[in-house]
Every structure is written in C-alpha cells, then in structure tokens.
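Tutor: Let us work through this structure by question and answer. Keep the model in view.

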Amino acid sequence: MRKFGMVAAATLALLGTTAHAKTTVIYAGRVITDASKPAQGPSTVTITDDRITAVTPGRTEAPAGAEVVDLGDRTLLPGLIDLHVHLTGDPGDDYRAASVDPDEWGVVVGAKNAAITLRAGFTTVREAGSAQYTAYALRRGTANGFIEGPRIVAAGPALSIIGGHGDVTGFREDVHAVLDQGYTCTGPLECAEKVRKASRAGADVIKITATGGVLSQQARGLEGHFTSAELQSIADTAHSLGLKVMAHAHGAGGITASAAAGIDSIEHGTFADDATLKVMKAKGTYLVPTLMAFEGIRERLGKGIYTPTVEDKVRMTLNDVGKAVTRAKALGVPVAFGTDAGVFEHGRNGGEFALLVKYGLTPQEALASATTVAAKLLSMENEIGRIAPGMSADMVAVSGDPLADVSALEKVDWVMARGRIAD
Ligand SMILES: [Zn+2]
C-alpha cells in the first residue's frame, strides 16, 4: 500500500541508532478531524511515534528526518471502529468444526482476518465472542506489532444460558460437556461468578447472548434467554469491575430486559419496537445494528450452508432488518457501528455505512457511528475516533468525500494504526 510518494529524508539513516522519536508528516487534500464538523481543506498532520502531535491548515514543511506521506487530494479521516466482529471465524463455517478444530486454528484464521480488517480501514475492533484465549492472543499480537491488525477490544467467550445461543449446541450431551467453554450460568449468583471469571481471564468487555440467535443450533426462537435478575447481576457485576456489557439480542422482550438492567449496548436489536427503544433511550443504551450480518445470511440462505434449524430463524428476521435503526434515530437512541464480520466475509465491513444510510442515518451520522460514537461506547473518546493532537495516530485515507457519499468508505487507500502504516 506504500504508493503515495513517500520520501524518506536523507538524514533518516543518521537517526537510526539513537533514541529519537520518529516523526511522520502527512499531507492530504481534505481532512475530516471529527465527524461532527465539516471537512477542512488541504492540511498537514504530524505524528510523533504513535501519537498525533499537530494538525495544521495548508502544507507546512516537514522537519529534517521526518517520513513524509503525500496523500494527494485524498480525504484523510479518523481510523474506523467496528464494534462487533468475530475475527477467529469465517462465514459458512460448519458448526461441527467446533468439535474438530483446535483453538489454535482460530488464532491463525484470526491473524489472517485481522490484516484484512485493518486494510479495510478499521483500526479498532471489538471482538464479540471467541474461544477462551484466541482473541486475547490476537489483541496482544496486533498491539506489539507481531501481526498486522487493528487494536482489539476483546470479550472472549460469551456468557449464555445452558443450551442457549452462545452455548455449544447441536451435539450429543457428552460432546457438549467436552466442548463447554465454561461461561454458561444459571441464577444471579452464578452469572456474577462468570462475569468475574471473564474479567480474570482478560476480558475488556463482557459479551452476553441475551436472546436466541440466528446461527446457533438451538431451536427456541429469538426471544429472551436470561431472567431479569440474571441480567441485573451481570450488568452490576461488570460495572463494579469497570467493564461494559454488550448483549446480543433480537426479540423485543429480551432487549427491553437487557436495557432495563443497565446493559450498555444491544447488538443486532432486530425487533426493537418503540416501547423497547424508549427504555433504551431512558437508560442510555446504544444500538449496534450489524446490518451487514443480515446481508451475509441472506446471501447464504437456501444454499445448503445452514441447517434447517438455522434457516427457519433466518427467515424470521429478514423482513425486519433495519427497521430498528430508523426507529432508534427517531427516538434519539445512539446508533454505533458494528457489523458481525465473520458472518459475512471479513473486509466487507465498510458496506455497513451504505446500509445505515439506507435506513435513515445521514452520511455524517454514519461516519460518527464508526468514529466518535463508537469511541464513546468504548470509553476511549480521548484516544480514538478523532484526528487531534494527543490522540492515537489511527487514520485512513479514501478517494472522494465520504460525507457526500459513504460508499467512498468501502475502498480505503491508506491506513495508519497506532502510528504504523499498513504496507
Ligand atoms: Zn456476533
């Protein structure tokens, strides 16, 4: 990707053995520093190591020894954030692979997908459910630069009810016992225990499956799984540890119960009606719609990829996809960007922008959902989501103006994550 007239100053070699900070100077024709503000014209952005240190109008001269990146007339904008990915899986994976593939294979698949995701412009992702240590290993690998990929905020295994979405289902009971990840819970006490266990294991966020889900072999529909007392225990325990909770939820009853318990974000939210969304609004709950997931399952329906149990559940959802986004906007519920990549091919994450616009967000709101709004949900608004001095050097460049046409975000030309250029 290193194709934009990069000029390494002749003095660079002299600095090689010293402890000098590395400086990178970027020229771009247009810069969106913050999705809530209009783009500014030709600008110079200076990076020192992994931090943005200056944003100045026009083209200012690079200091001696700086690496220079000239992006021409491209638009430079904050690195994108996807709040719902599954890096360790690919679409159409047979559920029986869980009984064959070791967790280590998930790390290999995840390393492949982390690189693909970064090159699609996503410099931070929230890993929404994986085997015990796979996402944590990937998180460490992209943080120290051993593998190319985004910053990873990782949940690890999801908490679920026994036999619910998120538990291992579809096998004999003795096989379930072998494959069990250890995160099902029954009753408030055990659910609190499992939150603490996830925290001890290294979770950055607690993921729960609050209702049935489409792609599991459980055949009990898409409504609520946990009791309100269990949801309350999960939310209170997580918050006491400084962790947020993300709840997979489709049915309106399960969404309402999750929001009422203080869970921080509803993932999918397919059947959220006005009464449900009013509870979310009152509680400050975010909606993460994952519209691309439904594109993925729509493309695979009727092709012998899914079991009959799953196909039935897919058909329950498709007529309602996107309606919750329109209603959420009307009622003032914050919509944050997440795709469920892994249900569709990793790297197509940017397709979510056009779907958000299709269901009523403006291009500016869609971009905010993947930058400032997503950063706020992660409690990282002073680290990522804007181009400003002091922020992590996470930026992408695209041709065209994404505030006029969000499809510009589907083809990202240049990526910098934590000061490192993907090349
Ligand atoms: Zn998911």
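Student: In the hairpin of β16 and β17, which residue takes a positive phi?
Tutor: Helices (H or I, at least four residues) and strands (E, at least two) are DSSP runs, numbered from the N terminus. The hairpin has two residues between its strands. The one with a positive phi, near 50 degrees, is Arg-418.

Student: What should I know about the model and its numbering?
Tutor: This is a predicted model: local features need pLDDT of at least 70, side-chain atom pairs count only at pLDDT 80 or more, and totals for chains, interfaces and linings use all residues. Residues are numbered from 1 along each chain as its sequence is written, and side-chain values use heavy atoms, with hydrogens and water left out.

Student: How many bridges join β16 to β17, and which residue is the bridge partner of Ala-417?
Tutor: Two strands pair if DSSP finds at least two bridges between them. β16 and β17 (residues 420-421) run antiparallel and are joined by two bridges. The partner of Ala-417 in β17 is Arg-420.

Student: How many residues of β16 are buried?
Tutor: Buried means under 20% relative accessible area, exposed over 50%, and partly exposed in between (1.4 Å probe, protein chains only). β16 covers residues 412-417 and is largely enclosed by the rest of the structure. That follows because the buried count is six of the six.

Student: On the side of β15, which residue stands opposite Val-412?
Tutor: β15 (residues 395-398) runs antiparallel to β16, with four bridges. Opposite Val-412 stands Val-398.

Student: In what order do the strands of this open sheet of five lie, and which are the edge strands?
Tutor: The order is β3-β7-β15-β16-β17, and the pairing is mixed. Each edge strand pairs on one side only. The edges are β3 (30-31) and β17.

Student: In which sense do β3 and β7 pair, and what is the bridge partner of Val-31?
Tutor: β3 and β7 (residues 75-78) pair in the parallel sense over two bridges. One bridge partner is Thr-75, for Arg-30. For Val-31 it is Leu-76.

Student: Which residue of β15 stands opposite Leu-76?
Tutor: β7 and β15 pair in the antiparallel sense over four bridges. In β15, Leu-76 faces Ala-397.

Student: What is the order of the three-strand open sheet, and what does its twist average?
Tutor: The strands run β8-β9-β10, with parallel pairing. β8 (80-85) and β10 (151-154) are the edges. From one strand to the next, the twist averages 20 degrees.

Student: How do β9 and β10 pair, and which residue stands opposite Thr-124?
Tutor: β9 (residues 122-127) and β10 pair in the parallel sense over four bridges. Thr-124 has a counterpart in β10, Arg-151.

Student: At what angle do α2 and α3 pack, and how are they oriented to each other?
Tutor: Axes are lines fitted to C-alpha atoms, for helices over the stretch in contact, and angles run from 0 to 180 degrees between N-to-C directions. α2 (residues 103-119) and α3 (residues 134-143) pack at about 40 degrees, with axes 9 Å apart. Angles under 35 degrees count as roughly parallel, over 145 as roughly antiparallel, 65 to 115 as roughly perpendicular and the rest as oblique. The two helices are therefore oblique.

Student: Which residues of α3 make the contact with α2?
Tutor: Contact means heavy atoms within 4.5 Å. α2 supplies Asp-103, Val-107, Gly-110, Ala-111 and Ala-114. From α3 come Thr-134, Ala-137, Leu-138 and Thr-142.

Student: Is Thr-134 buried or exposed?
Tutor: Thr-134 lies in α3. Not counting residues up to four places away in sequence, it touches Thr-88, Asp-103 and Val-107. Its relative accessibility is 3%, so it counts as buried.

Student: At what angle does α3 run to β10?
Tutor: α3 lies across β9 and β10. To β10 it runs at about 155 degrees.

Student: What do the buried residues of α12 pack against?
Tutor: In α12 (residues 351-358), the buried residues are Gly-351, Glu-352, Phe-353, Leu-355 and Leu-356. They pack against β8, β9, α9 (291-300), α11 (323-331) and α13 (363-369).
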